[in-house]
Amino acid sequence: MGMATTSDAEVKDFLEQCKVSGDNAYNVIKGVLERLDNESTRAEARRLLAAVQKYVAKEEPAVESMATYHFRLHQLSLTDYEGFRENRKSLTLLELPSIFVPEDWSFTFFEGISRHPDTGFRNRDVTELGCGNGWVSIAMAERWQPRKVIGLDINPRAIKVAWINLYLNALSDDGSPVLDHEGKSLLDRVEFHVSDLLAYCREQKLTMDLIVGCIPQILNPDPTAMSKLITENASEEFLHSLSNYCGLQGFVEDQFGLGLVARAAEEGISIIRPTGRLIFNIGGRPGQAVTERLFTRRGFHINKLWQTRVNQAPDTDILALVEIEKNTRHRFEFFMGRVSEDPISARTAWAFLKSGGEISHGLSVYECTLRMPNQVKTISKFLSNGFQETRGALDLSFSNDSVAEEKIPFLAHLARALEDLSYFPHESPAGSSRFRNLIAGFMRIYHQIPLTPSSVVVLPSRAVAIENILRIYSPRLALVDAELTRWLPKKWLTALPAEGSTGGAISQSNNTVTVVEAPRRSDLVVRLLKNLKPQLVVTSLADYEMRTSTSFELLLDATASIGARLILDISEYLELSSLPGTNGVLQYLASHPMPMHATIICGLVKNQVYSDLEVAFIVSENQTLLNTLAKAGDVTYGRTAISSQFYYGCLFHELLSFQLPERHTTEQRLPREEEPSKFISFSPTSAEALSGVENVNLDQQAPTICMDFDENLLQVPAAVKVSVFEGFARQNISEDEMDPRPEILDYLQSGYGLPQSHAKELFLSDTSTSLFTKLVLACVEENGTLVFPMGSCGTCVSVAKFLEANFTTLPTEVSNSFKATAVQLDAFLKGIEKPWVYIPGPTINPTGQIYSNSEIAELLAVCKSYGARVILDTSYSGLEYNESSKWNLKQIGTGSEENSSYAIAILGGFSTGLMTGGLEFGFAAVADPVFIEAFKDAPTMSRPHGTLKYTIKKLLGQLSQKSEVLITGLEEQKKTLRQRAQELSKLLKECGWDVVEPLGGISMVASPSAYEGKCVKGGTYGNNALDVDNIRDAIIKVTGLSISSSSWTGIPNYCRFMLALTEEDFSASCKALQKFKELVLG
């Protein structure tokens, strides 16, 4: 009896303290929680709460507890739900004014969850977002016995109340634990924590099977409210609003009031396990399509578990939605009452509500699972590093599953590669070694062809491959499939073969090849072969002829009999599938070596996602041809886009990743050098032009360190990487969004002062090299003479040789760092008819020197006086060490009546200026009709894919807006290059080299004057005396370091050294140079 009296007194004291104020009630209740947390006082505290509940119900039944005592203890009936223990008819819940009380939203949510099979929860780890007073978490644990339920809420008071509610239901009225059939209480299964969405799980490195939540979806009417510090001492009104409103989250879904849900979904991707699920309660106000897209574009499959209508809460202000409708074209969905079928807008709903009407909206429970969990997680992780804009542009929703199965794994591969790489790699002109290895692996495993990567050369397209093959052989007559001739120069198709002429191995000019169109049927091709006796045949096979190897063998025999080379295109018949169809050509190659006169071309154009993304490869066992094709590629187009190689490489990888290599081991066939034969050989011009190409390797035994390439391998800012990713990730990009021409014009105007009148047309390509090639062909057509200042890029001179252009070299002096002067140019142009002057700048490759604004003005004035056409190449500029080197080309002028041929073509690229490195991009700005025609009549020019154009447009936009990330990245690269130039200059001088110190760019030159006539000690290079012709070979053999020789630089006795290497390679290069000095000079 005494205990009861004491208990009554304690209850009355408890209630009197709570009556003072809401804050006072909270502090009293918090004190009870402290006692509940303590095992020694837990039972006593639980008995107190039971006594309070009974006292209020019995002694003060008419009292409104929430208004009088600032709290309420009541029972939430669960009797309608099956699965609860017989003695559990309801949950006992404590509620505070600052905590969202159970209502239609949460009831509907629990009803939706209840439609899920019990097995989806039992022995699972579950997190509830926005748990409020914890009743849903407690009910889930009570009904399904999950392994663990973690309730999270941003409201600190809500978490305190949730813990009390847990104790209220985990303990009986007398304080003893309530155990389930496993001998566990709710305290073993449930816990609550303060957390902004899933922050707690991230911090604790927790992963979950289920994430469930009922999250606010209306923007706060007070935009500053959500930025306030959330503490348990905040006002009750503010804390309660956390359950009604959300703040702007920086997601595109903010415009629909769904920003907080979007953030929860994105955070959930990293927290749920691969087979896990999200289950969210979503109000239908934004419309079903908008709601469902929120999940599908992030890579989720969705399933609607439950749907109903609920009244709009009267304490929630929907004016924020009215404002959204005012500023956008979106209309929210409300209904007049709960039975109306016709939706009304938020503005109408607000007016109707204010007039005393009742409005409702849809309410749905969605279950979401990741369609490709590991891949989507990889993509999400990459974009979680602050790339808000790109996250908003991501769209992983696909109506076609085959597209999703191709694109999502690719984006995951791309995200992983971009995250791991600090720069975009420099690849060989023969193609990425990884890509070539994947092609060879596919051929070995799926077609049993014992191919090695050394038998594969990668090219931008079939068109480039076919034109380059025709140019290097320069046949008198070529027979080409009619479908393939559309890519060839028109003059090749209009010339008639000489009457009565026969085949033979006499090479003609590679600019005057005669091509005759051929039908596709092999029997008709053979008839033409016998009559016309061409030296080279480029053809394909009809569909029915590909089913066996008979037609292929017929062509092999027919071409061999007349000494003609056979180039067979199988592009239409190569299937990137785990179950490829019958291919007679590949069946033949599985059991027979490929004859030396035969070559296979395959253009990869079949993909589900990027229909116009092409890359091609050539398969041959003729080592001589493969090497020559790779060198021709380096000269005519530079390098195949690494993005194209990476994309198709991912497709090959997906087909090979599950294969066991040991099951497919066969003796591999290596390519062989070709012996002299009756077949046509390379034209003398091609052979001479390509002999100077130094950095092509097909045997995959590259030098240990490469300093002989033109790419920037310094670390690129994350903004550059994410722009590349966004170009591939976005869907339904408009043509305007992929057109970088306006930004390039702005770049030329702001960076070089180029007037719009000198850039009437802009032409784009994968590389600036391919654009230069077309200008050289235009020079040939005009019978012009190219003028190269000594010390220009060696590749440009090789292009002129390969295309049989007339060219000459303008001598320059070491005293002026090999820069051409106006006086030298004026004297040199006298007597040269139709000059085409090549001027690199502001930064000159390879010397790293810079033409100042006054120097370029003087050179252009000379060119104008002679009516010269000028090719102004800015491709290697953008990394000048001193900002004062900027040009202003406003006064470059146009041709006069006396010299009307004067015109300027500006070439450029962004490998240096935008720090894209191996991800190349070229442009040509022209106004002269001759230049314009050169590019318009260029069917084989490799053009950049839309994804790359999007990337460049985005980066140029950021650059014009002075993006801090890009500007800082450029300054860092300039600083690194300047320091390396100083370091390498000092080392080379100490090692006996004469150095021309650079002022910008990514390379420099030096002369090995102290090594002339010396021998390498120790016999590692024999007793050969060193000279300008063998110094490069000696350095490679002795140290593994590859540099560019003087035959490439075009400067007698001067070699080129690259500065834009990785830190590791630059350090190794310096050590190699020091080692070579010690082995030669001591």
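Let's start with the seven-stranded open sheet, which runs in the order β13-β19-β18-β17-β16-β14-β15 with mixed pairing. Two strands count as paired if DSSP finds at least two bridges between them. The helices (H or I, at least four residues) and strands (E, at least two) I mention are DSSP runs, numbered from the N terminus. At the edges of this sheet sit β13 (456-459) and β15 (515-518), each pairing on one side only. On average, neighbouring strands here are turned by 20 degrees against each other, direction ignored. For angles, axes are lines fitted to C-alpha atoms, for helices over the stretch in contact, and the angles run from 0 to 180 degrees between N-to-C directions.

A quick word on what you're looking at: this is a predicted model, where local features need pLDDT of at least 70, side-chain atom pairs count only at pLDDT 80 or more, and totals for chains, interfaces and linings use all residues. Residues are numbered from 1 along each chain as its sequence is written, and side-chain values use heavy atoms, with hydrogens and water left out.

Back to our sheet. Which strand does β18 (residues 598-604) pair with over five bridges? That is β19 (residues 615-619), in the antiparallel sense, and there C602 has F617 as its bridge partner.

Helices lie across this sheet too, where contact means heavy atoms within 4.5 Å. Helix α22 (residues 550-562) crosses β16, β17 and β18, at about 155 degrees to β17. Helix α25 (residues 642-656) lies across β13, β18 and β19, at about 70 degrees to β19.

Now let's go further along the chain, to an open sheet of three strands, β28-β29-β32, with antiparallel pairing. Its edge strands are β28 (994-996) and β32 (1055-1058). Neighbouring strands of this sheet are turned by 35 degrees on average, direction ignored. Four bridges join β29 (residues 1003-1007) to β32, and M1004 stands opposite F1057. Helix α35 (residues 964-990) lies across all three strands, β28, β29 and β32, at about 10 degrees to β29.

Finally, some backbone surprises. Most residues other than glycine have a negative phi, and most peptide bonds are trans. S474, in the loop between α19 and β14, has a phi near 45 degrees. Is S474 buried or exposed? At 0% relative accessibility S474 counts as buried, a word that means under 20% relative accessible area, with exposed over 50% and partly exposed in between (1.4 Å probe, protein chains only). S817 also has a positive phi, of about 55 degrees. And do look at the cis peptide bonds: one joins G841 and P842, with omega about -5 degrees, and another joins N845 and P846, with omega about 20 degrees. P842 lies in the loop between β24 and α32, and P846 is found in the loop between β24 and α32 as well.
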